[in-house]
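Please open the structure in your viewer and keep the selection panel at hand. The tour below moves from one selection to the next and says what is there.

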Amino acid sequence: MRLHRHALVVAALLLVALIGVSVASLMSGSYPLSLLGVWSTLAGNPPEEIARTVVWEFRFPRTVVSAIAGALFGLSGAILQYVTRNPLADPSLVGVSQGAGLAVVSAIVLFPEMNLFWRPLLAFAGALAVAALIQSIAMQRTGGATMRFILTGIGVAAFIAAITNAMLTYGDIDQAHAALGWLAGSIHAVGRPEVWSLTLCLAILTPGLIWSARYLSALRLGPEVSIGLGVPIRSARIGMITLSVALAAFAVAAVGPLGFVGLVAPHLARRLAHSGVGQHLLLTALTGALMVGLADFVGRIAFAPVQIPAGILTAILGVPVFLLLILKTQSTRQL
């Protein structure tokens, strides 16, 4: 948790950029508002009654959910990368997001009357089951800390995606259409329940993130060094992976499986400022929030009235970064 001045400056700049994107999102749309109009509406004195509805019922929940979900995805990816010591680890690449997605899609298609309250719990159960399966396979020979973890995750993710597609193909057309919109990572349908659920998730898991910083600092140095520092490897690994799964699962339950945010955000944060694990997690959360918030804003405004799901834009950004990381990893191994 040692504080670095440069990292604090970068965190402040990221926070300012996030606030700027959020304000622009509240101002823009089919019913435009000025900065003063947005401030007056948030303060309880809207210029018109319709402004209250537009801001509080539609734009504000969407803006808050995109920011918190992006932070959760980024933190989940950062923890996975630290635990596995693999720069390619990401919830959407190793099947965690797909496991959560399959659980939620099954509920949407098979039990359309199910209360939304159960979505986060189902997503967590599906993600945790997939994470346990991948870890059990990957740890048989390599301890789950090499490319085997990634390859296992990609294979399991492909299998889960096939099951999800089968359910969408043979399920009720109306429920399948709703599930498809959710799978694309669209944030346009979120409301106050998602705001409260993600805020509660972040509040509950933040102490776990603070507690995990010390263990992650040791785990990234390898199992031998971690044991020498007195870290219980097995329990620490299980705890960190469970924390990562919980972060991704709650985000997936709210906005769908946004791809590559957990991969890109930790690397961008590391490039912006070198720091300890604690500050890196903070920078990763701000970077992920800014990524998803900006993707949702651009997708909503660029081709209005047509809205592009944020998941498509994050994938467009993430795929080139993923390929560059693979090439970099191969070059390092050849050296």
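How many of the 25 residues of helix 12 are buried? Select helix 12, residues 277-301, in this predicted model, and colour by accessibility: 21 of the 25 residues are buried, and the helix is mostly covered. Its length can be checked in the viewer as well, because 25 residues at 1.5 Å a residue should span 36 Å, and the end C-alpha atoms are indeed 36 Å apart.

Go next to helix 10, residues 233-255, where the same kind of check applies: its 23 residues should span 33 Å, and the distance between its end C-alpha atoms, 33 Å, agrees. Of these 23 residues 17 are buried, so helix 10 is largely enclosed by the rest of the structure. Extend the selection just past the end of helix 10, and you reach glycine 256, which takes a positive phi of about 95 degrees.

Now turn to the aromatic side chains, of which two pairs are found in the structure. In one of them, the rings of tryptophan 56 and phenylalanine 60 have centres 5.0 Å apart and planes at 55 degrees, so the pair is tilted, the stacked class being reserved for planes under 30 degrees apart and the edge-to-face class for those over 60. Both residues belong to helix 3 (residues 49-84), and because they are four residues apart there, about one helical turn separates them. With a relative accessibility of 27%, tryptophan 56 counts as partly exposed, and phenylalanine 60, at 29%, counts as partly exposed too.

Tryptophan 211 and tyrosine 215 also form an aromatic pair, again tilted, with 5.0 Å from centre to centre and 50 degrees between the planes. Select helix 8 (residues 192-219) to see them in context: they lie four residues apart in it, and are therefore separated by about one helical turn. Here the two partners fall into separate accessibility classes, since tryptophan 211 is partly exposed at a relative accessible area of 46%, whereas tyrosine 215 is buried at 18%. Add arginine 214 to the selection, and its charged end appears over the ring of tyrosine 215, 5.5 Å from the ring centre.

Which residues does serine 106 contact, once its neighbours within four places in sequence are left aside? Select helix 4 (residues 96-110), in which serine 106 is found, and then show Phe111 and Met167, which are its contacts under that condition. Serine 106 has a relative accessible area of 18%, which is under the 20% cut-off, so this residue is buried.

Finally, select the whole chain. The protein has 13 helices and zero strands, and its radius of gyration of 20 Å is close to the 20 Å that the globule rule gives for 335 residues, so the protein is as compact as a globular protein of that length. Along its principal axes the C-alpha trace spans about 65 × 55 × 35 Å, and 50% of the 335 residues count as buried. Among contacts with a separation of 6 or more, 75% are between residues 24 or more positions apart.

Colouring by confidence is a suitable last step: the mean pLDDT of the protein is 82, and 91% of its residues reach 70 or more. Among the elements, helix 1 (residues 5-27) has the highest mean pLDDT, 92, and helix 13 (residues 310-334) the lowest, 71.

Conventions:
Residues are numbered from 1 along each chain as its sequence is written. This is a predicted model: local features need pLDDT of at least 70, side-chain atom pairs count only at pLDDT 80 or more; totals for chains, interfaces and linings use all residues. Side-chain values use heavy atoms; hydrogens and water are left out. pLDDT is the predictor's confidence in each residue, from 0 to 100. Helices (H or I, at least four residues) and strands (E, at least two) are DSSP runs, numbered from the N terminus. The expected span of a helix is 1.5 Å times one less than its number of residues. Buried means under 20% relative accessible area, exposed over 50%, partly exposed in between (1.4 Å probe, protein chains only). Rings of Phe, Tyr and Trp (its six-membered ring) pair if their centres lie within 6.5 Å; planes under 30 degrees apart count as stacked, over 60 as edge-to-face and the rest as tilted. A charge sits over a ring if NZ of Lys or CZ of Arg is within 6 Å of the ring centre and within 35 degrees of the ring normal. The radius of gyration is taken over C-alpha atoms; the globule rule is 2.2 Å times the number of residues to the power 0.38. Contact means heavy atoms within 4.5 Å.
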